[in-house]
Amino acid sequence: MRVMMMAALAATMMAGPALATGKIKCNVAAADMKPIEALKAELTKQGWTVAKAKVDGGCYEVYGVMPETGRVEAYFDPATFEKLYVEQRGKVLFKKGKPWRAGALPCFGASPWPAWPPLPSAQPLRPPAR
């Protein structure tokens, strides 16, 4: 029994890293994909330091250093190079379609907090009408 539990635990631990990939999926035909070297060049122009770039889930996954935030893992659309997802040490900094999450950093331009409604204008107190 103990041997079976240890074997199951070992199998689970080995499968862990394989399950961690594929956070974002892209459905782009291979003919429509731009070269990954072009993405690296574009990011370098923007001030990134690209450590590694590969295809994951049909998207381009980039490990690198952003000038504003430091080390990140980012996913890009391979046809347009549109930024889809950015994560730093498990914290989602940006996810396409979720602008409320993007405000963790000023480089993405949105605030993480909802906009408060404006305060009502101050009205002078009047005695009740009789």
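Modeller: Helices and strands here are DSSP runs, with at least four residues for a helix and at least two for a strand, numbered from the N terminus. The model under discussion is predicted.

Biologist: In what order do the elements of the protein run from the N terminus on?

Modeller: The protein has two helices and five strands. Read from the N terminus on, the order of these elements is α-α-β-β-β-β-β.

Biologist: Which residues of helix H2 are buried?

Modeller: A residue counts as buried when its relative accessible area is under 20%. In helix H2, which spans residues 36–45, the residues that meet this cut-off are Ile36, Leu39 and Leu43.

Biologist: Within what arc do the buried residues of H2 fall, seen down its axis?

Modeller: An α-helix has 3.6 residues a turn, so residues three or four places apart point the same way. The buried residues of H2 line one face of the helix, because, viewed down the axis, they fall within an arc of 50°.

Biologist: Which residues are exposed on the other side of H2?

Modeller: Exposed residues have a relative accessible area over 50%. On the side of H2 away from its buried residues, those exposed are Glu37 and Lys45.

Biologist: Which strands are included in what covers the buried residues of H2?

Modeller: The residues to be covered are Ile36, Leu39 and Leu43. Their cover includes strand S1 (49–56), strand S2 (59–66) and strand S3 (70–76).

Biologist: What percentage of the residues in the protein is buried?

Modeller: The protein has 130 residues. With buried again meaning under 20% relative accessible area, the buried share of these residues is 26%.

Terms used. Residues numbered from 1 in each chain as written. Predicted model: local features only at pLDDT ≥ 70, side-chain atom pairs only at ≥ 80, totals over all residues. Heavy atoms only, no water. Buried < 20%, exposed > 50% of the residue type's maximum accessible area, 1.4 Å probe, protein only. Arc of directions from axis to C-beta. Contact = heavy atoms within 4.5 Å.
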